[in-house]
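Hi,

Here's the structure I said I'd pass on to you. Have a look at it first, then read my notes underneath.

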Amino acid sequence: MLDFIYYPVSAILWFWHQAFGYVLGKNSGFAWALAVVFLVFTLRLVLYKPFVKQVRTTRQMQELQPQIKELQKKYKNDRQQMTVEMQKLQKEHGFNPLMGCLPVLLQVPVFLGLFHVLRSFNRTGTGIGQLGMSPYDNAHTPNYIFSAGDVQSFLTARLFGAPLSAYITEPAKVLESFADYGGVPTKLAIALVSIPLMVIAGVATHMNARASVQRQSAEAAANPQAAMMNKMALYVFPLGVLVGGPFLPVAILIYWVSNNIWTYGQQHLVFGKIEKEEEEKKQAALERRAQNAPKPGAKPVDVRKKQSATKVEDSDAESVEDAPQPSQNGAKPSPGAKPAAGKKRSGNRGRANQKRRR
């Protein structure tokens with residue numbers, strides 16, 4: 001049903017096992033453990049850009065929290081209109097809330113796929129997802145990309161005496177299926193490997209959650225829903241690793257530790273980069289403001305007054321050009337001189353002179 005997840009996950013795990021097995025040996029427990037670690041790193045590297053988008057979306061939502069609260073308060077009795085206004089706000093600022101949880105949603109099928117592939121190396125159990133195969137049939141049946149020889153290699157591999165597919169609460173009958181491949185492991189050997197991994201995974205989960213909570217804004221932290229989620233991330237999830245650890249194979253615990261180590265480093269890298277970008281934007285805004293501000297000791301110039309004074313000077317110049325110009329040296333114009341072009345003699349004055357001549 002989920003073969004489209006199982007085959008890619010098993011293919012990546014196979015590739016890294018071939019790489020590390022070439023150096024450390026095909027049946028080495030460290031080769032298989034490193035293959036799981038680098039499977040995690042490969043998948044997280046693919047999800048790096050969605051993670052950056054998630055961080056940016058989360059910060060945008062924190063900044064817009066006051067506006068979101070205003071919309072919720074204004075349209076509390078009109079859910080449809082509130083949805084429309086929220087969509088407008090999201091479109092205006094160019095973010096999608098779905099991107100805030102996309103990386104987490106993508107990691108869930110990967111975790112389930114890895115869990116299934118690792119359990120499928122030993123299908124002698126009768127629980128959920130197990131086939132109840134005999135030890136011989138299990139060891140000679142391929143596991144997705146892995147051949148029967150790879151299955152036997154995984155069963156033979158030990159990490160400090162513990163098989164990577166074994167877990168603390170595994171039934172004794174299932175542990176006996178390792179008899180022909182490295183011997184039957186003891187519960188003590190499995191516990192000595194699993195418990196430290198459980199503790200490290202729980203502490204790492206808590207530290208990652210604390211780093212994320214500390215970067216939240218005061219408005220976001222004051223939100224009751226956000227406060228409840230913060231408490232769950234800080235205490236419930238780490239406790240869940242400790243409670244569920246005895247039921248998880250050693251390889252899954254290695255996956256959990258590796259995933260938290262990557263998350264811790266990636267958070268510091270991405271948050272540091274985004275904070276640096278925001279600081280550069282603030283500095284650029286301050287520099288622009290400083291350039292536009294008047295120099296020390298200089299009076300601020302009113303641009304509106306300056307523009308009005310310029311208009312007055314232009315109008316005075318036009319009036320001077322339109323005024324009649326007197327003749328040079330104060331001399332009167334000669335009797336026969338024609339009036340300047342553009343000026344007309346009054347018609348009434350001509351008629352009065354005609355009457356006098358008569």
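Below is what turned up when I went through it.

Keep in mind that this is a predicted model. The chain has 358 residues, and 34% of them are buried. It's built with 15 helices and 0 strands. If you take the contacts between residues at least 6 apart in sequence, 69% of them join residues at least 24 apart. On the outside, the chain exposes about 23,500 Å², with carbon and sulfur atoms supplying 60% of that.

Now for the surface. There's a nonpolar patch of about 690 Å², and its members are Ile195, Val199, Val203, Met207, Leu239, Leu242, Val243 and Tyr264. Two elements give two or more residues each to the patch: helix H10 (187-214) and helix H12 (224-244). H10 provides the largest share, with 4 residues. One to click on is Leu242, which sits in helix H12 and is partly exposed, at a relative accessible area of 37%.

Next, the charged side chains. Opposite charges on side chains can pair when the charged atoms come close. How many salt bridges does the count come to? Just 1. It's made by the side chains of Lys26 and Asp150, at 3.8 Å from N to O. Lys26 is in the loop between helix H1 (3-24) and helix H2 (29-46), while Asp150 is in helix H8 (residues 148-156), so the pair ties together parts that are 124 residues apart in sequence. Are the two partners buried or exposed? Lys26 is partly exposed, with a relative accessible area of 42%, whereas Asp150 is buried at 5%.

Cheers

How values were computed:
Residues numbered from 1 in each chain as written. Predicted model: local features only at pLDDT ≥ 70, side-chain atom pairs only at ≥ 80, totals over all residues. Heavy atoms only, no water. Patch = residues over 30% accessible without salt bridge, like charges linked within 9 Å, V, L, I, M, F, W, Y side chains within 5 Å. Areas by Shrake-Rupley, 256 points an atom, 1.4 Å probe, with all protein chains shown as cover. Salt bridge = Lys/Arg side-chain N within 4 Å of Asp/Glu carboxyl O. Buried < 20%, exposed > 50% of the residue type's maximum accessible area, 1.4 Å probe, protein only. Contact = heavy atoms within 4.5 Å.
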